[in-house]
Amino acid sequence: MTKIAPSILASDFSKLGEEIKDVERGGADYIHVDVMDGHFVPNITIGPLIVEHIRPVTDLPLDVHLMIENPDQYIEAFAKAGSDIITVHQETCPHLHRTIQLIKSHGVKAGVVINPATPAETIRPILQEVDLVLLMTVNPGFGGQSFIHSVIPKITQIAEWRKEDQLSFEIEVDGGVKASTARMCTEAGADVLVAGSAIFNQEDRKQAIEEIRASS
Ligand code: DX5
Ligand code: ZN
């Protein structure tokens, strides 16, 4: 069954705890936390302090997506705050292998992310080291953008390499995911779908989650 990871970026931050409980009751598999620094992406969002405060609110894994420069500097803080999965962008990591090992050294699952314009080949050497590969289907920075269809062949490619090399990392897709775009992602090989606006902009989050899962 496809896993659904609601992105709290689209939630009401004045009642973040309740919003998280709502999607947990609604059948979410992960809570996706978008961390932005105003440098790598043109927006500023969440720091380790917020992760620490939402940690006791849910039993679901916290899937922390770091859209920040120099992620090495903050990995320990995000790990100690209670992250279960930390993903870093290939584009921000000149020493990607070292960064992935640093995440794992804290007992946290490690993932690598690539932007829509970044070729899949750039992460091939690291695939055997990661627990998750996240493919951006929008340019990161904001919720509510349109799905970029040209990323689909990259999902297929990563899934092919996973099979070829007998690896078991999860493939996650992030950006513009909704009922109408879910199927093409899972058909290409995605296991986890991140969705922000398609879930939090709906009154009934359980129904929104079920709709995405059912169409996937
Ligand atoms: C984009 C973030 C996404 C975003 C997805 O920079 O990484 O996780 O919250 O939002 P939607 O689902 O609205 O495109
Ligand atoms: Zn994200």
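How do the residues of the shell around ligand 1 divide into nonpolar, polar and charged? Let's start there, and keep in mind that what we're looking at is a predicted model. The split is 9 nonpolar, 11 polar and 2 charged.

So who is in that shell? Ligand 1 has 22 residues around it, and the closest are Ser7, Pro140, Gly143, Gly196 and Ser197. If you'd rather think in elements, those that give two or more residues to the shell are strand S2 (31–36), strand S8 (192–195) and helix H7 (197–200).

Okay, on to the sheet, where we'll meet S2 and S8 again. It's an open sheet of 8 strands with parallel pairing, and if you walk across, the order is S1-S8-S7-S6-S5-S4-S3-S2. Strand S1 (3–6) and S2 are the edge strands: each has a single partner strand, so one side of each has no neighbour in the sheet. Going from one strand to the next, you pick up an average twist of 25 degrees.

Let me zoom in on one pair. Strand S7, residues 170–174, runs parallel with S8, and 3 bridges join the two. If you want a spot to click on, glutamate 172 sits opposite valine 192 in S8.

Now the helices. When two helices pack, we describe them by the angle between their axes and the distance between those axes. Helix H6 is a good one to follow, and I'll take two of its contacts.

Take helix H5, residues 152–164, with H6. Their axes are 8 Å apart and the packing angle is about 30 degrees. Under 35 degrees counts as roughly parallel, and therefore that's what we call H5 and H6. From H5, the contact uses Ile152, Ile155, Thr156 and Ala159, and from H6 it uses Met184, Cys185 and Ala188. By class, this contact has 6 nonpolar residues, 1 polar and no charged.

What about H6 and H8? Here the axes of helix H6 (residues 179–188) and helix H8 (residues 205–215) come within 7 Å, crossing at roughly 40 degrees. That angle makes H6 oblique to H8. The crossing is right-handed. On the H6 side you'll find Ala179, Ala182 and Arg183, and these meet Glu211, Ile212 and Ser215 of H8. The classes in this contact of H6 with H8 come out as 3 nonpolar, 1 polar and 2 charged residues.

That's my tour, thanks everyone!

Terms used: Residues are numbered from 1 along each chain as its sequence is written. Chains are lettered from A and ligands numbered from 1 in the order in which they are written. This is a predicted model: local features need pLDDT of at least 70, side-chain atom pairs count only at pLDDT 80 or more; totals for chains, interfaces and linings use all residues. A residue is near a molecule or strand if its C-beta atom, placed from the backbone, lies within 6 Å of it. Helices (H or I, at least four residues) and strands (E, at least two) are DSSP runs, numbered from the N terminus. Ala, Val, Leu, Ile, Met, Phe, Trp, Tyr, Cys and Pro count as nonpolar, Asp, Glu, Lys and Arg as charged, and the others, Gly among them, as polar. Axes are lines fitted to C-alpha atoms, for helices over the stretch in contact, and angles run from 0 to 180 degrees between N-to-C directions. Angles under 35 degrees count as roughly parallel, over 145 as roughly antiparallel, 65 to 115 as roughly perpendicular and the rest as oblique. A crossing is left-handed if the near helix is turned anticlockwise from the far one by less than a right angle, and right-handed if clockwise. Two residues are in contact if their C-beta atoms, placed from the backbone, lie within 7 Å. Two strands pair if DSSP finds at least two bridges between them.
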